[in-house]
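Visitor: I'm new to this one. Could you take me for a close look at the spot where the ligand sits, and at what lies around there?

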Amino acid sequence: MAANPFTYTKAVVCGIPASLPATALRMEETDEPVDLGKARQQHEDYLQVLTELVGEVHVIPTDERYPDCVFVEDPVVVCGDTALITIPGHESRRGETVAMKEAMEKIGLKIVEMLDPGRMDGGDVLFTGKEFFVGQSQRTNKHGLQQLAAAFPNFPVTGIPVREGLHLKSFLSMATPNHIAMGSSSAALDAKQLIETEGKFKYSYRYLQVPDDIGANCLYINGTIVHANNETFPKSCKVFEKFVDADVKAKIALSASEVNKVDGCFTCCSVLIN
Ligand code: CIR
């Protein structure tokens with residue numbers, strides 16, 4: 001029997017390199033520098049929560065050559081027992097795939113490697129448990145989408161243009177097996193509309209709309225939602241706090257304020273494995 005897609009037994013993470021504050025990629029230059037100590041503390045808290053929720057957490061050694069290496073979601077897409085090693089859309093991130101492939105092999109997953117000219121960041125891949133939605137962004141192209149469809153032939157795949165924001169999951173993520181958490185930007189609303197027209201399982205989704213796009217990025221792990229806390233996105237946090245659903249046993253609020261400054265969020269800092 002196929003595993004429940006939202007039941008996880010393992011996670012893969014990577015620490016935060018000292019090179020992140022000065023050299024991680026960012027869409028917009030902000031005045032606010034990343035506080036490395038705070039970023040590492042927030043990541044520790046995140047790791048602790050993951051360990052409590054999934055049990056087994058594999059840590060890829062931090063690599064100073066790759067300032068964005070903490071964002072482990074991007075060099076791989078895992079579904080069931082298959083790991084698709086991507087070719088990340090930004091050149092500076094391509095070397096991250098070497099350590100990721102080793103980690104996936106060690107865990108015993110079946111490896112499929114993306115081929116040129118495919119490009120994909122895992123942050124563009126939303127798996128609903130029934131089908132994939134793949135952001136067509138600056139980082140993920142149609143060849144990447146086609147190769148993902150070939151790697152996971154049991155699931156329908158639909159492309160969603162991402163015209164604003166970095167990735168599809170910069171404004172959408174799964175809050176329960178049936179709820180898609182979404183932000184309130186026009187990009188988020190357009191994506192929802194496309195899911196409602198093109199999604200093969202469009203009638204099975206409900207939406208949890210929050211005011212902030214990054215505030216919509218959450219994790220749903222073994223019945224617990226991990227979402228942005230009151231300090232980072234107070235209005236979105238409130239929506240999660242009020243949300244009640246039979247599939248939600250618990251909620252944990254965390255801050256990812258420092259990685260948020262370089263366009264990172266909760267989903268991007270772990271790879272979850274059934
Ligand atoms: C980047 O631009 O690649 C990183 N600074 C942020 C990547 C965030 N990844 C994700 O949301 N999946």
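Guide: Start with the side chain of arginine 93: one of its N or O atoms is 2.9 Å from an oxygen atom of the ligand. Keep in mind that this is a predicted model. The ligand is well wrapped up, as the protein covers 99% of the 340 Å² of accessible area that the ligand has on its own.

Now look at the nitrogen atoms of the ligand. In the side chain of glutamate 73, an N or O atom lies 2.7 Å from a ligand nitrogen. Leucine 25 uses its backbone instead: an N or O atom there is 2.8 Å from a nitrogen atom of the ligand. Leucine 25 and glutamate 73 both belong to the five residues that come nearest, along with Asp68, Asp74 and Val262, out of 15 around the ligand. As for the character of that shell, six of its residues are nonpolar, three are polar and six are charged.

Some of these names come back when you turn to the active site. The UniProt annotation "active site", from an unreviewed entry, covers His167 and Cys268. The annotated residues span 102 residues in sequence, yet no two of their C-alpha atoms are more than 10.2 Å apart, so they gather at one spot.

Take histidine 167 first. You'll find it in the loop that runs between strand E8 (157-161) and strand E9 (172-174). Is histidine 167 buried or exposed? It counts as buried, because its relative accessibility is 7%, below the 20% cut-off. Setting aside residues up to four places away in sequence, histidine 167 touches Asp74, Asp121, Gly123, Asp124, Arg139 and Val162. Asp74 should ring a bell, since it is among the residues that come nearest to the ligand.

Cysteine 268 sits in a loop too, the one between helix H7 (257-260) and strand E15 (271-273). With a relative accessible area of 4%, cysteine 268 is buried. Apart from its neighbours within four places in sequence, cysteine 268 is in contact with Val70, Phe71, Val72 and Glu73. And there's glutamate 73 again, whose side chain has an N or O atom 2.7 Å from a ligand nitrogen.

One last stop is helix H7 itself, where you'll find serine 257. At 13% relative accessibility, serine 257 counts as buried. Its contacts, not counting residues up to four places away in sequence, are Lys38, Gln42, Glu231 and Thr232.

Definitions and conventions: Residues numbered from 1 in each chain as written. Predicted model: local features only at pLDDT ≥ 70, side-chain atom pairs only at ≥ 80, totals over all residues. Heavy atoms only, no water. Near = heavy atom within 4 Å. Polar contact = N/O pair within 3.5 Å; in protein donor to acceptor, adjacent residues only side chain to side chain. Areas by Shrake-Rupley, 256 points an atom, 1.4 Å probe, with all protein chains shown as cover. Nonpolar A, V, L, I, M, F, W, Y, C, P; charged D, E, K, R; others polar. UniProt positions renumbered as here; feature names shortened; annotations may be inferred. Helix = DSSP H or I, 4+ residues; strand = E, 2+ residues; numbered from the N terminus. Buried < 20%, exposed > 50% of the residue type's maximum accessible area, 1.4 Å probe, protein only. Contact = heavy atoms within 4.5 Å.
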